[in-house]
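Here are some exercises to work through with the model open beside you. Try each task before reading its solution.

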Amino acid sequence: VACFPLATCFANMGDEFEVNHFPMIWRDDQPIGHIAFANLMHKTLQNGCKAVFVFNAGDAYVSPNWYPTKAQDHKHVPTWNYQVVHMHGELFFKHGEKDKIAAVGLLTQLHEKRVNGGKAWKMRDAPRNYIKSMIEGIVGIEFHIKRLEAKSKLSQNREKIDYTAVMDRLEEMQLMGLSQSMKKLRD
């Protein structure tokens, strides 16, 4: 969640699904975040409804042309490498000011420090009444995890020479998350 905070949330509404995207952050061993008050999710879904959050930690198309062994028998096809985490659990909506400020504050601190370092924007940089009006325009989210699933396909089924070639190609393409994960898996 810290490295790949954008969640895709799937919640069941009878015969339909509610699907939304929002950043999340850890607080007290559970993810929290927020949505816009205009997002009807907090009105159409019941508090504590079952939901699945999907966090994508990187993905890439893999061409059969990248495999050095392709020249031997041409028995290779395209594929896709990816890393994801699925969180199954219960979704709660938080309307209290304290919960909403916690979600916005923690997300802001983490990401501002990451992108701006010592010159990070802080909530106190904006007028207090402006921040208050912005906080009134959101709804906090808290997710209680019941089950976690981590899934990855990183060319594990390939011969070492092909595996290394894919890893190197992903690095050339600046897909560092995938290439770094492949290096860890290899080592």
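Helices here are DSSP runs of H or I with at least four residues, and strands are runs of E with at least two, numbered from the N terminus. Keep in mind that this is a predicted model.

**Exercise 1. The overall layout**

Task: Count the helices and strands of the chain, and find the order in which they come.

Solution. Start with the count: there are six helices and six strands. Next, walk along the sequence and note each element in turn, which gives β-β-β-α-β-α-β-α-α-β-α-α. Finally, look at how the chain is tied together: 72% of the contacts with a separation of 6 or more link residues 24 or more positions apart.

**Exercise 2. Overall dimensions**

Task: Set the radius of gyration of the chain against the value for a compact globule of 187 residues.

Solution. The globule would have a radius of gyration near 16 Å, whereas the chain has 21 Å. For the extents, take the principal axes of the C-alpha trace, along which the chain spans about 65 × 50 × 25 Å. Then turn to the surface: the accessible area is about 11,400 Å², and carbon and sulfur atoms hold 54% of it. Buried residues account for 40% of the 187 residues.

**Exercise 3. Checking helix 3**

Task: Decide whether the end-to-end distance of helix 3 agrees or disagrees with its number of residues, then describe its buried side.

Solution. Helix 3 runs over residues 97-116, 20 residues in total. The expected span is 1.5 Å times one less than the number of residues. That makes 28 Å, and the end C-alpha atoms are 27 Å apart, so the two agree.

Now list the buried residues of this helix: Lys100, Ala102, Ala103, Val104, Gly105, Leu107, Thr108 and Glu112. Their cover includes strand 2 (16-27), strand 3, strand 5 (79-94), helix 4 (128-136) and strand 6 (138-153). Just past the helix, Gly117 has a positive phi of about 55 degrees.

**Exercise 4. The nonpolar cores**

Task: Find the largest nonpolar core and say which elements give two or more residues to it.

Solution. This core has 18 residues, and those with the most contacts inside it are Phe22, Met24, Met41, Phe53, Leu91, Phe93 and Ile141. Strand 1 (6-13), strand 2, strand 4 (49-62), strand 5 and strand 6 each give two or more residues. Strand 4 gives the most, with four.

Take Phe93 as a case to inspect. Beyond its neighbours within four places in sequence, Phe93 contacts Ile35, Met41, His42, Leu45, Gln46, Asn47, Val139, Gly140 and Ile141. There is also a second, separate core of 11 residues, with Met167, Leu170, Leu178 and Met182 among them.

**Exercise 5. Two buried polar residues**

Task: For Asn39 and Ser181, work out whether each is buried or exposed, and find a polar partner for each side chain.

Solution. Begin with Asn39, in the loop between strand 3 (30-36) and helix 1 (41-44). The cut-off for buried is under 20% relative accessible area. Asn39 has 18%, so it counts as buried. A polar atom of its side chain lies 2.9 Å from the backbone nitrogen of Met41. Outside the four places on either side in sequence, Asn39 touches Glu18 and Asn20.

Ser181 belongs to helix 6 (residues 176-186). Its relative accessibility is 18%, so Ser181 counts as buried. The side chain of Ser181 makes a polar contact of 2.9 Å with the side chain of Gln83. Leaving out residues up to four places away, Ser181 touches Gln83 and Leu154.

**Exercise 6. Positive phi outside glycine**

Task: Compare the settings of Asp28 and Ser155: which loop holds each, and is each buried or exposed?

Solution. Asp28 has a phi near 50 degrees, a positive value in a residue other than glycine. Asp28 sits in the loop between strand 2 and strand 3. With a relative accessible area of 67%, Asp28 is exposed.

For Ser155, phi is near 60 degrees, again positive in a residue other than glycine. Ser155 lies in the loop between strand 6 and helix 5 (160-172). Its relative accessible area is 0%, so Ser155 is buried.

How values were computed: Residues are numbered from 1 along each chain as its sequence is written. This is a predicted model: local features need pLDDT of at least 70, side-chain atom pairs count only at pLDDT 80 or more; totals for chains, interfaces and linings use all residues. Side-chain values use heavy atoms; hydrogens and water are left out. Buried means under 20% relative accessible area, exposed over 50%, partly exposed in between (1.4 Å probe, protein chains only). A polar contact is a pair of N or O atoms within 3.5 Å; within protein, one must be able to donate a hydrogen and the other to accept it, and residues adjacent in sequence count only if both atoms are side-chain atoms. Contact means heavy atoms within 4.5 Å. A nonpolar core is a set of buried Ala, Val, Leu, Ile, Met, Phe, Trp, Tyr and Cys residues joined through side-chain atoms within 4.5 Å. The radius of gyration is taken over C-alpha atoms; the globule rule is 2.2 Å times the number of residues to the power 0.38. Accessible areas come from the Shrake-Rupley method with a 1.4 Å probe; for residues, only the protein chains shown count as cover.
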